[in-house]
Amino acid sequence: MIDHLTTNDIVHLNERTIRAHGGAFAKPENLREEKRLNDITDEAATDSHLRLTDKAAFYLHSIITQEVFLNATERTALLAARTFVLLNGGVFHKKLKVANQNDKKIPKNADGNQEIWLKLVAQVSSGDLSLENLREWFGRNVSS
Amino acid sequence: MTPRFPLFLYFLTQPISMPNSPNQTDLKALVNALNQRDNNIKTRRVRIDAIVDEDFIVLDAVYQQLAK
């Protein structure tokens, strides 16, 4: 059974990265609007996102595109997707790869693990990567 | 239903919950279940924090870069 992240979990992740890497946490939850995050955690638990990797892609994509937090949204989205995979026994491949979908590179112009993570986040933020693109990437880079 | 006699008499006629009555047993079971749930939540949060601690080491440069 998949252990989905709750709204409280994701707020906790936001607080953790702000404490570790800087920024301001606006109490009580640093959220722009609680409903946005509740809707995300509800939808992640539905059958619209069946595989572990589909759900991880959804956490990363939706937290960023819906600008859930007042601060540190991108970091939190990355941390949520990774924590969700690892919490459920998934393993990221040691050497991450750029994926291909309909001749599109996911992410583009990236080489090496760190750059791939940074470009994934940046290209979701800029609208260059869709949820489908992220599903493809997580599917290619995670063993579950 | 509203009692038609004085209130203190109404309470006197109601069954008193004894230490081993079914009500008491149900309450203990509920308390145990809530404690168990609380422990499960704490254990899960410890697991999440351990994953986060390790991730902050593995991807330190990425998180630092995103924080700029």
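Here are some notes on this two-chain predicted model, point by point.

1. **Ground rules.** This is a predicted model, where local features need pLDDT of at least 70, side-chain atom pairs count only at pLDDT 80 or more, and totals for chains, interfaces and linings use all residues. Residues are numbered from 1 along each chain as its sequence is written, chains are lettered from A and ligands numbered from 1 in the order in which they are written, and side-chain values use heavy atoms, with hydrogens and water left out.

2. **The interface overall.** Chain A puts 23 residues into the contact and chain B puts in 20 residues, with contact meaning heavy atoms within 4.5 Å. The two chains bury about 2100 Å² between them, and 63% of that is on carbon and sulfur atoms. Buried area here is the accessible area (1.4 Å probe) that two parts lose on being put together, summed over both. On the chain A side, A:Arg16, A:His21 and A:Leu87 supply 28% of the area buried against chain B, more than any other three residues.

3. **Polar links across the interface.** The rule finds 6 salt bridges between chain A and chain B; a salt bridge is a side-chain nitrogen of Lys or Arg within 4 Å of a carboxyl oxygen of Asp or Glu. It also finds 10 residue pairs in polar contact across the interface, both residues at pLDDT 80 or more. A polar contact is a pair of N or O atoms within 3.5 Å; within protein, one must be able to donate a hydrogen and the other to accept it, and residues adjacent in sequence count only if both atoms are side-chain atoms. The elements giving two or more residues to the side of chain A that touches chain B are helix 1, helix 4 (73-87) and helix 5 of chain A. Helices (H or I, at least four residues) and strands (E, at least two) are DSSP runs, numbered from the N terminus.

4. **A:Arg16 up close.** Which residues does A:Arg16 touch, leaving aside its neighbours within four places in sequence? They are B:Asp49, B:Val52, B:Asp53 and B:Phe56. A:Arg16 lies in helix 1 (residues 7-21) of chain A, and at 12% relative accessibility it counts as buried. For that scale, buried means under 20% relative accessible area, exposed over 50%, and partly exposed in between (1.4 Å probe, protein chains only). Its side chain makes a polar contact of 2.9 Å with the side chain of B:Asp49. With B:Asp53 it meets in a salt bridge (2.6 Å, N to O).

5. **Chain B.** There are 3 helices and 0 strands in chain B, so to speak an α-α-α pattern when read along the sequence. Of its 68 residues, 16% are buried.

6. **Aromatics.** Over all chains, the structure holds 7 aromatic pairs. In the pair A:Phe92 and A:Trp117, the ring centres are 5.4 Å apart and the planes are at 80°, so this one is edge-to-face. The rule covers rings of Phe, Tyr and Trp (its six-membered ring), which pair if their centres lie within 6.5 Å; planes under 30 degrees apart count as stacked, over 60 as edge-to-face and the rest as tilted. A:Phe92 lies in strand 1 (residues 91-92) of chain A and A:Trp117 in helix 5 (residues 113-125), so the pair ties together parts that are 25 residues apart in sequence.

7. **Around that pair.** Are A:Phe92 and A:Trp117 buried or exposed? Both are buried. Ring pairs link them with A:Trp137 and A:Phe138 into a cluster. The charged end of A:Arg82 also sits over the ring of A:Phe92, 4.8 Å from its centre. That label requires NZ of Lys or CZ of Arg within 6 Å of the ring centre and within 35 degrees of the ring normal.

8. **Backbone oddities worth a look.** Most residues other than glycine have a negative phi, and most peptide bonds are trans. A cis peptide bond joins A:Lys27 and A:Pro28, with omega about 10°; A:Pro28 is in the loop between helix 1 and helix 2 (34-44) of chain A. Another cis bond joins A:Ile106 and A:Pro107, with omega about -10°, and A:Pro107 is in the loop between strand 3 (104-106) and helix 5.

9. **Positive phi.** A:Glu67 is not a glycine, yet its phi is positive at about 40°. It is in the loop between helix 3 (52-65) and helix 4 of chain A, and is partly exposed with a relative accessible area of 46%. A:Asn102, also not a glycine, has a positive phi of about 50°. This residue is found in the loop between strand 2 (99-101) and strand 3, and counts as exposed at 74% relative accessibility.

10. **A:Arg51.** This residue is in the loop between helix 2 and helix 3 of chain A and counts as partly exposed at 47% relative accessibility. Its side chain is joined to that of A:Asp54 by a polar contact of 3.0 Å.
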